[in-house]
Amino acid sequence: LIVDFRRAQQPRTYTPLGINGSTVDKVSSFKYLRVHTTENLTWTTHTATLVRKARQRLYHLRQLRKFRVSLRILHSFYSGTVESILTGNISIWFGNSSAQDRKALHRVVH
């Protein structure tokens, strides 16, 4: 992943980076400490992953509610599975997320 903050009119070419004689591959995104980072520094990939994981866990919450599990257990399940996913590293990515990403998160929470 190459992040270049210089303003350029034409595309730049970069010399390959090598470590111990091996060339490091250039990727468009990567995951580090459960946060997906892209080369254009948008959080859409990360937000989409969070929404997908949260929806999967909400299915289990709906199943528990269908089985008439107590409200205390439902709240505990939500806090432990869904909320923990959505709030993980939130101080890093939420401030710079797009309105569309925030809307997708809002649909999951509400």
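**Exercise 1. Classify the burial of Trp93 and Phe94, then describe the geometry of their rings.**

Solution. Trp93 has a relative accessible area of 1% and is therefore buried (buried means under 20% relative accessible area, exposed over 50%, partly exposed in between, with a 1.4 Å probe and protein chains only). Phe94, at 32% relative accessibility, is partly exposed. The model is a predicted one, in which local features need pLDDT of at least 70 and side-chain atom pairs count only at pLDDT 80 or more, while totals for chains, interfaces and linings use all residues. Residues are numbered from 1 along each chain as its sequence is written, and side-chain values use heavy atoms, with hydrogens and water left out.

The next step concerns the rings. A pair of aromatic rings is described by the distance of the centres and the angle of the planes. The structure holds 1 aromatic pair. The ring centres of Trp93 and Phe94 are 5.9 Å apart and the planes stand at 75°, so this pair is edge-to-face. The criteria apply to rings of Phe, Tyr and Trp (its six-membered ring): centres lie within 6.5 Å, and planes under 30 degrees apart count as stacked, over 60 as edge-to-face and the rest as tilted.

**Exercise 2. Determine which residues of helix H4 are buried and how they are arranged about its axis.**

Solution. Helix H4 spans residues 99–109, and its buried residues are Asp101, Ala104, Leu105 and Val108. Helices (H or I, at least four residues) and strands (E, at least two) are DSSP runs, numbered from the N terminus. Viewed down the axis of H4, the buried residues fall within an arc of 95°, so they line one face of the helix; the arc is that of the directions from the helix axis to the C-beta atoms. On the other side of H4, Ala99, Gln100 and Lys103 are exposed.

The partners follow. The buried residues of H4 pack against helix H1 (44–66), helix H2 (71–87) and helix H3 (90–93), where contact means heavy atoms within 4.5 Å.

**Exercise 3. Characterise the packing of H1 with H4 and of H1 with H2.**

Solution. H1 and H4 pack at an angle of about 10°, with axes 10 Å apart. Axes are lines fitted to C-alpha atoms, for helices over the stretch in contact, and angles run from 0 to 180 degrees between N-to-C directions. H1 is therefore roughly parallel to H4 (under 35 degrees counts as roughly parallel, over 145 as roughly antiparallel, 65 to 115 as roughly perpendicular and the rest as oblique). The residues of this contact comprise 6 nonpolar, 2 polar and 3 charged; Ala, Val, Leu, Ile, Met, Phe, Trp, Tyr, Cys and Pro count as nonpolar, Asp, Glu, Lys and Arg as charged, and the others, Gly among them, as polar.

For H1 and H2, the angle is about 175° and the axes are 9 Å apart. These helices are therefore roughly antiparallel to each other. Their contact comprises 11 nonpolar, 2 polar and 3 charged residues.

**Exercise 4. Locate Thr47 and identify its contacts beyond four places in sequence.**

Solution. Thr47 lies in helix H1 and is buried, at 1% relative accessibility. With neighbours within four places in sequence left aside, Thr47 contacts Trp93, Asp101 and Leu105.

**Exercise 5. State the phi value, location and accessibility of Arg34.**

Solution. Most residues other than glycine have a negative phi. Arg34 has a phi near 65°, a positive value in a residue other than glycine. Arg34 sits in the loop between strand E3 (29–32) and strand E4 (35–38) and is exposed, at 57% relative accessibility.
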